[in-house]
Amino acid sequence: MSEECGQPPECIRIALLFFGQPRYLDNPAPYAKHKKFFLDKDFYDVDVYCHTWWGEDTSEYDYSSWSKIKSCPVDKNAIDKIETMYSPAKLIHEPPRKFAFKDDTQALIDELVKNFKGRSGASLSEFNHHWNKNNSNYSNILSQLYSIEQVCKLCQNSKEEYDFIVLSRLDNNIMEFPQDLRELDTDKFYISDLHSRFPDMVYFFGQKFLPSHYFYSKIDYIVKKYQWDFWEPSNEAFKYFSVKDFVDNHFNGSPWIPTRIRVGAVRDMTGLG
């Protein structure tokens, strides 16, 4: 937290939340961009929260079939590096583990994959190997949803008040982002305008939306309620319908604000994502 930051409207408070695997921390791009857009701005008072997967006995992280990652080694010094770079207000880490849907929830997802017909008339299972139960994708999806929920609860349980919550990843190379969040409405939810579904690499929202991100605890309910509204059983879909359900039950009107945000996840120690 900056001691030089003034009071609103000169300065606003931001919680920068990191989740998931601490990949490629020696790639300088993600840290440089988080500094540029958040940490180095003298009109932001930023607290960092982090939930990450790390364990001394793990040598390689699982990664999903769509990631194009060739290797994802565990950095034995990851926690020290995160502490040094970001000085988080709260950081927790857990050893990587496997996740699985409950049997009845997995059955609903399998039914979706088998019977859903896209514009071409083909089912998801006919053209998309990502939804094969035998790979690690579903475990990785649940791992991410769990990690997001944990870091959001870290922030919520801090009892601190923030103008905006920014949800990001340690491997995000942010290329475009709003330059001054002081100009924006804290009652809104800002997502990238990259496409019309739920671009989920990095986005931000007013603090009142934090409980909408308890994704893992709600997953069975969300699948049962929105099964046939899913475009695919992806991270984006699970997140979108969880937030939508929360908004529909607690607020009037649409909070969504498509915003110019561009980001790439780095896939090695030198690339830009």
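**Exercise 1. Place K224 in the predicted model and describe its surroundings.**

Solution. K224 is part of helix 6. The structure used here and in the other exercises is a predicted model. The next step is accessibility: K224 has a relative accessibility of 48% and counts as partly exposed, since that class lies between 20% and 50%. Its contacts come next. Leaving aside neighbours within four places in sequence, K224 is in contact with D104, T105 and L108. For T105 the separation is also known: K224 and T105 are 119 residues apart in sequence, while their C-alpha atoms are 7.3 Å apart in space.

**Exercise 2. Describe how helix 6 packs against helix 5, and classify the arrangement.**

Solution. Two packed helices are described by the angle between their axes and the distance between the axes. Helix 5 covers residues 137-157 and helix 6 covers residues 215-226; the angle between them is about 130 degrees and their axes are 8 Å apart. An angle over 145 degrees would count as roughly antiparallel, and one from 65 to 115 as roughly perpendicular. Helix 5 and helix 6 are therefore oblique to each other.

The contact can then be listed by side. Helix 5 contributes L142, L145, Y146, I148, E149 and K153, and helix 6 contributes F215, Y216, S217 and I219. Sorted by type, the residues of this contact are seven nonpolar, one polar and two charged.

**Exercise 3. Is S147 of helix 5 buried or exposed, and what does S147 touch?**

Solution. S147 is found in helix 5. With a relative accessible area of 0%, S147 is buried. Not counting residues up to four places away in sequence, S147 touches F19, G20, H51 and W53.

**Exercise 4. Describe the nonpolar cores.**

Solution. In soluble globular proteins, nonpolar side chains tend to be buried together. Here the largest nonpolar core has 44 residues, and L17 and F238 have the most contacts inside it. Helix 5 supplies the largest share of this core, 10 residues. Apart from this core lies another, of 30 residues, including Y44, C50, V74 and I79.

L17 can be followed further. Beyond residues up to four places away in sequence, L17 touches Y49, V151, C152, C155, I165, V166, L167, S168 and L210.

**Exercise 5. Which residues of helix 1 are buried, and what do they pack against?**

Solution. Helix 1 runs over residues 28-39, and its buried residues are A29, P30, H34, F37 and F38. Seen down the axis of helix 1, they fall within an arc of 125 degrees, so they line one face of the helix. Their partners are strand 1 (12-20), strand 2 (44-53), helix 2 (78-86), strand 4 (164-169) and strand 5 (172-176).

**Exercise 6. Describe the positive phi values of Y24 and S87, and give the setting of each residue.**

Solution. Start with Y24. Its phi is near 50 degrees, a positive value in a residue other than glycine. Y24 lies in the loop between strand 1 and helix 1. With a relative accessible area of 6%, Y24 is buried.

Now take S87. This residue is not a glycine either, yet its phi is positive, about 45 degrees. S87 is found in the loop between helix 2 and strand 3 (90-94). Its relative accessible area is 53%. The cut-off for exposed is over 50%, and S87 is therefore exposed.

Methods: Residues numbered from 1 in each chain as written. Predicted model: local features only at pLDDT ≥ 70, side-chain atom pairs only at ≥ 80, totals over all residues. Heavy atoms only, no water. Axes fitted to C-alpha atoms, helices over the stretch in contact; angles between N-to-C directions. Helix = DSSP H or I, 4+ residues; strand = E, 2+ residues; numbered from the N terminus. Parallel < 35°, antiparallel > 145°, perpendicular 65-115°, else oblique. Contact = heavy atoms within 4.5 Å. Nonpolar A, V, L, I, M, F, W, Y, C, P; charged D, E, K, R; others polar. Core = buried A, V, L, I, M, F, W, Y, C linked by side-chain atoms within 4.5 Å. Buried < 20%, exposed > 50% of the residue type's maximum accessible area, 1.4 Å probe, protein only. Arc of directions from axis to C-beta.
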